[in-house]
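Colleague: Hello! I am new to this one, so could you walk me through its sheets?

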Amino acid sequence: MNNYMKSSSTMNYYICNIVTRQWIALPPAPSGRGHFGENVGFLIEPNSKDNHQYMYLVLRFIPCGYSEFLIEKFSSEQGKWTKLVVTSPRILNCWCSTHKISLIACEKMLFTTVHETSIIVDCILAFDPFNDPAPFLRIIDLPLEARHIGGVCKLGVCQGRLRFSQIVFLQASPSRYPSISIWELEDYRTGKWCLVYKKILTNPALRCPLTLRYDSTDMNPEICVLAFDPYNENLVYFLVGYSVVAYNIQTEKVENSSWPSLLIKLQGSTRELTTYYGSNVLPLTQNWWPTPVLRQPL
């Protein structure tokens, strides 16, 4: 899915399948123009009446303060946009930030992290657009061991399960090797987490450069989790400086490493690149096009 903003600030949304080179344009959203702090989510799910057919949802989350959202939802079944207002039981800071927020699709829901401060994640929001507005939003607390620590956090999906990772640097250790913890959400109703991995990453490919001083309070160290492999539960993709490293956290071996030319061409410090890609890179999986559409050139 992509969006395009004209000079008049009107937002146009398109859904594209890069495998089949098909695309469709959605009708204009109700509010039309883009909004400060707006975030967009996308879901594809089997049709409840016919498992051989799929439906998709596009949701625009527009902040109306610290605890209220205007949500505009487009459904392929209805073929139109609808609007609703959702109130959070907890005051939230993230939606008033200038940073874009990754919305992760998992188990027919959308998830995102909420920050207590600029470097500490407070909780996870779960949006359930297939239910009525009353249970539309739920708050899931982080694992007890991950609260109020800070570090570099990442939310993602592996084998259909929601994962949360946290990278911290030990102040007493001069090795510059990061310590990583990865949890999986076992129960969406109770918010129960299971610790999958907790270890210090001692492979030289994951050792941080010497250019910066790292500790547990450092907001943007030069390493972060880009994504979890959608199929291999042991494979994690890291951004280390300018390099993308595919690392098997079970065998502690690097399976692939690259130096993307795209990162070299971009201006800005490594810290800025780490922050940008750490929150915006998602794994790409090949799925069938969910609904029949006319073939149009990209």
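**Two sheets, strand by strand**

Modeller: Gladly; keep in mind that this is a predicted model. One open sheet has four strands with antiparallel pairing, in the order E8-E9-E10-E11.

Colleague: Which are the edge strands of that sheet?

Modeller: An edge strand here pairs on one side only. That holds for the strand at 104-106 and for the strand at 137-141. The edge strands are therefore E8 and E11.

Colleague: By how many degrees are neighbouring strands of this sheet turned against each other on average?

Modeller: The direction of the strands is ignored for this angle. On average, the turn between neighbours is 30°.

Colleague: How many bridges pair strand E9 with strand E10?

Modeller: Strand E9 covers residues 109-115 and strand E10 covers residues 121-127. Across this pair, His115 stands opposite Val121 in E10. The two strands pair in the antiparallel sense, and the number of bridges is six.

Colleague: Now the sheet with E16 in it: what is its strand order?

Modeller: This is an open sheet of four strands, with antiparallel pairing. Its edge strands, each pairing on one side only, are E16 (223-228) and E19 (253-258). Neighbouring strands are turned by 25° against each other on average, direction ignored. The order is E16-E17-E18-E19.

Colleague: Which residue in E18 does Tyr237 stand opposite?

Modeller: Strand E17 spans residues 235-240, and strand E18 spans residues 243-248. These two run antiparallel and are joined by six bridges. The residue in E18 opposite Tyr237 is Ala246.

Terms used. Residues numbered from 1 in each chain as written. Predicted model: local features only at pLDDT ≥ 70, side-chain atom pairs only at ≥ 80, totals over all residues. Heavy atoms only, no water. Axes fitted to C-alpha atoms, helices over the stretch in contact; angles between N-to-C directions.
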